[in-house]
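Okay, thanks for having me. I'd like to talk through the aromatic rings and the core of this one, so let me put it up on the screen.

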Amino acid sequence: MTVIRVALIGSGTNTDPYRIDLPTYQNAITNETTGRAFADVPAIDVSPDVAAFVAAYPTVDLTTPLPVPFPQSLANSWAEHLARRYDLGNARWKPVVF
């Protein structure tokens with residue numbers, strides 16, 4: 001497992017609850033105010049370039065902004081990695097390190 005701080009999606013309503021945009025994860029700790037969560041993500045679900053970014057820019061809380069923005073190219077790469085892993089023709093999940 002790899003602990004990653006990700007953006008929450010959803011509006012927080014009964015019909016659109018806050019959630020993590022990943023197919024599998026465990027032990028989520030969320031902060032709806034900041035729109036962030038820590039999640040234990042299976043290493044196989046994390047592309048190598050995203051794992052390198054997370055290792056280079058560790059986060060210790062759910063409030064402090066990242067020192068650099070998460071590049072869109074990495075978000076695209078992670079979505080494509082998940083699409084291949086789960087045999088989807090297109091990317092369903094669009095996780096973002098936040």
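Searching the whole structure turns up two aromatic pairs; rings of Phe, Tyr and Trp (its six-membered ring) pair if their centres lie within 6.5 Å, with planes under 30 degrees apart called stacked, over 60 edge-to-face and the rest tilted. Phe-53 and Tyr-57 have ring centres 4.9 Å apart and planes at 50°, so that pair is tilted. Then Phe-53 and Phe-70: centres 5.2 Å apart, planes at 75°, so edge-to-face. That second pair links distant parts of the chain, with Phe-53 in helix 1 and Phe-70 in the loop between helix 1 and helix 2, 17 residues apart. Helices here are DSSP runs (H or I, at least four residues), strands likewise (E, at least two), numbered from the N terminus.

A word on the source: this is a predicted model, where local features need pLDDT of at least 70 and side-chain atom pairs count only at pLDDT 80 or more, while totals for chains, interfaces and linings use all residues. Residues are numbered from 1 along each chain as its sequence is written, and side-chain values use heavy atoms, leaving out hydrogens and water.

So, buried or exposed? Phe-53 is buried, at 7% relative accessible area, and Tyr-57 is partly exposed at 31%. Buried means under 20%, exposed over 50%, partly exposed in between (1.4 Å probe, protein chains only).

Last, Val-50: beyond its neighbours within four places in sequence, Val-50 is in contact (heavy atoms within 4.5 Å) with Phe-70, Leu-74, Trp-78 and Val-97.
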